[in-house]
Amino acid sequence: MDWKTFQALLSGVNKYSTAFGRVWLSVVFVFRVMVYVVAAERVWGDEQKDFDCNTKQPGCANVCYDFFFPISHIRLWALQLIFVTCPSFMVVMHVAYRDDRERKHKAKFGLETTLYSNTGKKHGGLWWTYLTSLFVKTGIEVAFLYILHKIYDSFYLPRLVKCEVSPCPNQVDCYIGHPTEKKVFTYFMVGASALCIILNICEIIYLISKRVARCVNKVKRSHRHIDMPEQDNLFNHSTLPVSQQERKDYKDKPPSFKSVATSQVHRLRLEDKIHASAPNLSLCE
């Protein structure tokens with residue numbers, strides 16, 4: 001496997017990731033890919049040669065090894081790294097799709113018109129793509145940890161295993177090569193995988209909370225714009241004459257409750273005076 005090409009492909013994901021995503025990518029390369037390439041492959045190597053059984057029965061050692069190691073740790077981790085990083089390419093492909101749409105739109109309507117302010121900004125469909133990739137990565141990590149736990153019994157590697165599988169003549173003892181060293185690397189890779197799961201969950205919470213906060217602020221702004229015209233109409237429904245300066249001052253700084261109450265009292269008094277003077281006018285006529 002060419003890990004350099006793999007790293008070059010994933011480096012494009014870093015441009016569209018959040019802070020948690022960049023930390024996740026660093027953990028994958030430093031604590032998983034580098035450890036896998038530099039040390040883990042050499043520790044396991046051809047582990048079947050180091051699997052010794054106390055019998056010379058032809059085929060017994062091979063069958064016992066396949067029974068206790070149906071999937072090699074090193075190959076399982078390679079599959080895990082490939083499957084875990086593949087969802088990140090969904091984001092890169094979505095951004096490439098946006099770039100292509102933007103290019104076609106500009107070619108059709110001119111360079112001044114744009115579809116997206118920033119094709120790599122996580123809004124709309126790209127936000128959902130990014131969130132879906134996080135859920136898929138987390139599910140893959142959990143699935144591989146469960147498989148490893150199910151096959152190898154709590155990630156534990158014993159020094160001695162007893163085998164009774166045919167064609168072994170009876171119960172034979174088989175010994176695993178470098179069990180302590182393999183156990184250390186197993187726990188290290190499991191811990192790195194658990195750390196990646198925690199980072200994915202933190203990033204999911206961060207994206208959702210940020211989206212909710214943006215929606216709440218948008219609703220508050222819309223309510224504020226709705227309430228302001230209602231306050232402006234107070235002067236239109238009032239029977240009192242209002243000067244242009246007072247109207248301008250009101251728009252700049254809305255009146256307090258006390259000033260509104262005072263204006264209402266003044267309007268009521270003016271109406272009472274008008275009604276009181278109405279009979280006198282009729283008598284004069």
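**Exercise 1. Describe how helix H2 packs against helix H4.**

Solution. Helix H2 (residues 19-44) and helix H4 (residues 73-85) pack with their axes 11 Å apart, at an angle of about 160°. The model is predicted: local features need pLDDT of at least 70, side-chain atom pairs count only at pLDDT 80 or more, and totals for chains, interfaces and linings use all residues. Residues are numbered from 1 along each chain as its sequence is written, and side-chain values use heavy atoms, with hydrogens and water left out.

Step 1: fix the terms. Helices (H or I, at least four residues) and strands (E, at least two) are DSSP runs numbered from the N terminus. Axes are lines fitted to C-alpha atoms, for helices over the stretch in contact, and angles run from 0 to 180 degrees between N-to-C directions.

Step 2: classify the angle. Angles under 35 degrees count as roughly parallel, over 145 as roughly antiparallel, 65 to 115 as roughly perpendicular and the rest as oblique. H2 and H4 are therefore roughly antiparallel to each other.

Step 3: give the hand. The crossing of H2 and H4 is left-handed; this term applies if the near helix is turned anticlockwise from the far one by less than a right angle, and right-handed applies if clockwise.

Step 4: list the contact residues (contact means heavy atoms within 4.5 Å). H2 contributes Trp-24, Val-28, Arg-32, Val-33, Tyr-36, Ala-40, Glu-41 and Trp-44, which meet His-73, Ile-74, Trp-77, Ala-78, Gln-80, Leu-81, Val-84 and Thr-85 in H4. Sorted by class, the contact of H2 with H4 has eleven nonpolar, three polar and two charged residues. Ala, Val, Leu, Ile, Met, Phe, Trp, Tyr, Cys and Pro count as nonpolar, Asp, Glu, Lys and Arg as charged, and the others, Gly among them, as polar.

**Exercise 2. Repeat the analysis for H4 and helix H6.**

Solution. Step 1: H4 packs with helix H6 (residues 125-152) at an angle of about 165°, and their axes are 9 Å apart.

Step 2: H4 and H6 are therefore roughly antiparallel to each other. H4 passes H6 in a right-handed crossing.

Step 3: from H4, the contact is made by His-73, Leu-76, Trp-77, Leu-79, Gln-80, Phe-83 and Val-84; from H6, by Lys-137, Ile-140, Glu-141, Phe-144, Ile-147, Leu-148 and Tyr-152. By class, the contact of H4 with H6 has ten nonpolar, two polar and two charged residues.

**Exercise 3. Locate the kink in H2, the residue after H2, and the setting of Val-30.**

Solution. Step 1: H2 has a kink of about 55° centred on Tyr-36. The bend at a residue is the angle between axes fitted to the seven residues ending there and the seven starting there.

Step 2: Gly-45 follows H2 and has a positive phi, near 55°.

Step 3: Val-30 lies in helix H2. Val-30 counts as partly exposed, at 43% relative accessibility (buried means under 20% relative accessible area, exposed over 50%, partly exposed in between; 1.4 Å probe, protein chains only). The C-alpha atoms of Val-30 and Ala-192 are separated by 9.9 Å, with these positions 162 residues apart along the chain.

**Exercise 4. Find the backbone exceptions around strand E3.**

Solution. Step 1: a cis peptide bond, with omega about 15°, joins Ser-166 and Pro-167. Pro-167 sits in the loop between strand E2 (160-163) and strand E3 (172-175).

Step 2: His-178 is in the loop between E3 and helix H7 (179-237). His-178 is not a glycine, yet its phi is positive, about 50°. With a relative accessible area of 44%, His-178 is partly exposed.
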